[in-house]
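Colleague: Could you zoom in on the packed inside of this model for me? I'd like to know which pieces build it and what sits around them.

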Amino acid sequence: MTKKLTTLLALAVASVTAIATAHAAEVQGDAQAGAKKIAMCVGCHGIPGYQATFPEVHKVPMIAGQNAKYIATALDAYRKGDRRHPTMRGIAASLSDQDIADLAAYYEQLGKTQKGKAELPAKPRTEPKPQVAALLQKAACVSCHGDNFSKPIDPAYPKIAGQHADYLFVALKSYKAEPNAVVGRSNPVMAGIAKQFSTAELKALANYVGALDGELRTVPEPRFR
């Protein structure tokens, strides 16, 4: 890992931690309250295999079991326009800080209530091929996303192991997007990392991480089961 990337990662951790700590001090999420606010979420995130069509066809991300602080950070980024996606921005713009905290708390605990969930090992059970291992080392993914890519060093970062590979691929590409009103994500650290790789290399990274055992789930609401 280069000295410049190490510095960027350190600054990012400090910044995200400060923001998340301040947010947590101001707004505490209530999972039970969040359960009453999911109407706009379940139509995509509550249906296994559901696919989005923008900016290209891909499965919507699994969010049950994701870190609450990451969900809150992501929703706030959509609300502010740092993540540019028309549907998600429209939804996030309608949410208050309390709504976001409640939804984040609900989806974090939702993954913990599922049966048959085994403790993940510190190291992925599937070894990457040498070419992918080199890409992972260059990207320094584990330095932020942690053991098995499921124990981030800060809960404002996402768990990514086992996430849908096609979603991960689209997300990674979005950090490379040039300024655009409806596409892309503004994150200097992830942009610096993603821009090191070709589209084919990003797909290889996404395919490997997406194939790992993870803690994320799509949990259908009772009305859809």
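Modeller: Sure, let's start with the largest nonpolar core, which has 25 residues; Leu136, Phe149, Phe197 and Tyr208 have the most contacts inside it. By nonpolar core I mean a set of buried Ala, Val, Leu, Ile, Met, Phe, Trp, Tyr and Cys residues joined through side-chain atoms within 4.5 Å. Buried is under 20% relative accessible area, exposed is over 50%, and partly exposed is in between (1.4 Å probe, protein chains only). At least two residues of this core come from each of helix 7 (130–139), helix 9 (165–174), helix 10 (188–194) and helix 11 (199–210). Helices (H or I, at least four residues) and strands (E, at least two) are DSSP runs, numbered from the N terminus.

Keep in mind that this is a predicted model: local features need pLDDT of at least 70 and side-chain atom pairs count only at pLDDT 80 or more, while totals for chains, interfaces and linings use all residues. Residues are numbered from 1 along each chain as its sequence is written, and side-chain values use heavy atoms, with hydrogens and water left out.

Now take Tyr208: leaving aside residues up to four places away in sequence, it touches Pro124, Thr126, Glu127, Pro128, Val132, Leu136 and Phe149. Contact here means heavy atoms within 4.5 Å. Tyr208 also turns up where two helices meet: Val132, Leu135 and Leu136 in helix 7 contact Glu201, Ala204, Leu205, Tyr208 and Val209 in helix 11. By class, that contact of helix 7 with helix 11 has 7 nonpolar residues, no polar ones and 1 charged. (Ala, Val, Leu, Ile, Met, Phe, Trp, Tyr, Cys and Pro count as nonpolar, Asp, Glu, Lys and Arg as charged, and the others, Gly among them, as polar.) The axes of helix 7 and helix 11 are 10 Å apart, at an angle of about 100°, which makes helix 7 roughly perpendicular to helix 11. Axes are lines fitted to C-alpha atoms, for helices over the stretch in contact, and angles run from 0 to 180 degrees between N-to-C directions. Under 35 degrees counts as roughly parallel, over 145 as roughly antiparallel, 65 to 115 as roughly perpendicular, and the rest as oblique.

Back to the largest core, with its 25 residues: apart from it lies another core of 20 residues, among them Ile63, Leu75, Ile100 and Leu103. Leu75 and Ile100 appear again in a helix pair, where Ala68, Ile71, Ala72, Leu75, Asp76 and Arg79 in helix 4 meet Asp97, Ile100, Ala104, Ala105, Tyr107 and Glu108 in helix 6. Sorted by class, these are 8 nonpolar, no polar and 4 charged residues. Helix 4 (residues 68–80) and helix 6 (residues 97–112) pack at about 140°, with axes 8 Å apart, so helix 4 is oblique to helix 6.

Glu108, in helix 6, is partly exposed at a relative accessible area of 25%. Leaving out residues up to four places away in sequence, Glu108 touches Gly65, Gln66, Asn67, Ala68 and Ile71. The C-alpha atoms of Glu108 and Gln66 are separated by 5.2 Å, though the two are 42 residues apart along the chain.

His85, in the loop between helix 4 and helix 5 (86–93), counts as buried because its relative accessibility is 19%. With the same sequence neighbours left out, up to four places away, His85 touches Phe54, Tyr78 and Val182.
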